[in-house]
Amino acid sequence: MRLVLGKILALLLVAGFAGAANAQQFLGNNNDSGLLEFSTGMVDITQDEEAAEFRLDYRFQHAMFGVLRPITGVMVTSDKAAHGYGGLAMDVLWGDHFVSSIYTSVGAYHQGDGEDLGHWIEFRSGLELGFRFDSRERLSLGIAHISNASIGDENPGTEILSLTYAIPIDAIFE
């Protein structure tokens with residue numbers, strides 16, 4: 001039941017972003033750079049077994065269909081869990097500085113001393129809200145969910161709260 005509600009919520013969020021973004025600007029292609037993102041946060045925020053999260057992502061510049069940007073990344077935790085993944089993100093600029101992002105990805109998970117998520121294949125979905133500086137750097141607060149979409153015998157899932165700093169790739173090489 002929780003998985004069905006999560007899918008419905010994700011679909012509503014995507015539809016809402018797409019509809020509301022008609023008057024706003026999708027980021028990618030010529031109006032943004034590729035982004036290198038550094039994140040830190042807390043895993044298992046809804047449970048008692050919290051761990052620190054450290055994440056490095058790359059968000060490609062070029063958007064498919066002018067909307068969906070490929071992403072790839074790796075997450076490690078203070079409990080020695082690791083998750084490498086790839087997926088798609090939709091970034092929307094609201095006015096001059098506020099940005100929202102919704103993403104979904106799939107990848108390989110290694111439990112380490114962290115929580116057993118029920119399978120080595122795990123899906124990560126999330127929502128970020130942030131501020132985009134004139135330099136196109138971003139500072140965002142995000143919430144994400146990792147689960148195996150019931151392909152394993154168990155599917156406990158986990159929630160993550162994180163703070164992300166993103167720097168445009170072209171700014172690194174100037």
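# Exercises on a predicted model

In this predicted model, a search of the whole structure finds one cavity of 30 Å³ or more.

**Exercise 1.** Determine which residues line the largest cavity and which strand gives the most to the lining.

*Solution.* Begin with the volume, which is about 40 Å³ for the largest cavity. Next, list the lining: Glu37, Arg55, Asp57, Arg59, Ile71, Tyr85, Tyr103 and Glu128. Sorting the lining by class gives five charged residues, three nonpolar residues and no polar ones. Finally, assign the lining to elements: strand S3 (residues 51–59) gives the most, with three residues.

**Exercise 2.** Decide whether Glu115 is buried or exposed, and state its contacts.

*Solution.* First locate the residue: Glu115 lies in the loop that runs between strand S6 (98–110) and strand S7 (121–132). Then apply the cut-off: buried means under 20% relative accessible area. Glu115 has 16% relative accessibility and therefore counts as buried. Lastly, once neighbours within four places in sequence are left aside, the contacts of Glu115 are Asp44, Gln47, Tyr109, Pro156, Gly157 and Thr158.

**Exercise 3.** Describe the largest nonpolar core and the surroundings of Ala144.

*Solution.* In soluble globular proteins, nonpolar side chains tend to be buried together. The largest nonpolar core here comprises twelve residues: Val43, Ile71, Met75, Ala81, Tyr85, Ala89, Tyr103, Tyr109, Leu117, Ala144, Ile146 and Ile160. Two or more residues of this core come from each of strand S4 (68–77), strand S5 (82–94), S6 and strand S8 (138–147). Turning to one member, Ala144 touches Tyr103, Arg124, Ser125, Gly126, Thr158, Glu159 and Ile160, with residues up to four places away in sequence not counted.

Technical notes:
Residues numbered from 1 in each chain as written. Predicted model: local features only at pLDDT ≥ 70, side-chain atom pairs only at ≥ 80, totals over all residues. Heavy atoms only, no water. 1 Å grid on protein atoms, 1.4 Å probe; cavity = no way out; pocket = protein on both sides within 12 Å on 5 of 7 lines; lining within 4 Å. Points joined across faces, edges and corners; volume = space filled by probe spheres on them. Helix = DSSP H or I, 4+ residues; strand = E, 2+ residues; numbered from the N terminus. Nonpolar A, V, L, I, M, F, W, Y, C, P; charged D, E, K, R; others polar. Buried < 20%, exposed > 50% of the residue type's maximum accessible area, 1.4 Å probe, protein only. Contact = heavy atoms within 4.5 Å. Core = buried A, V, L, I, M, F, W, Y, C linked by side-chain atoms within 4.5 Å.
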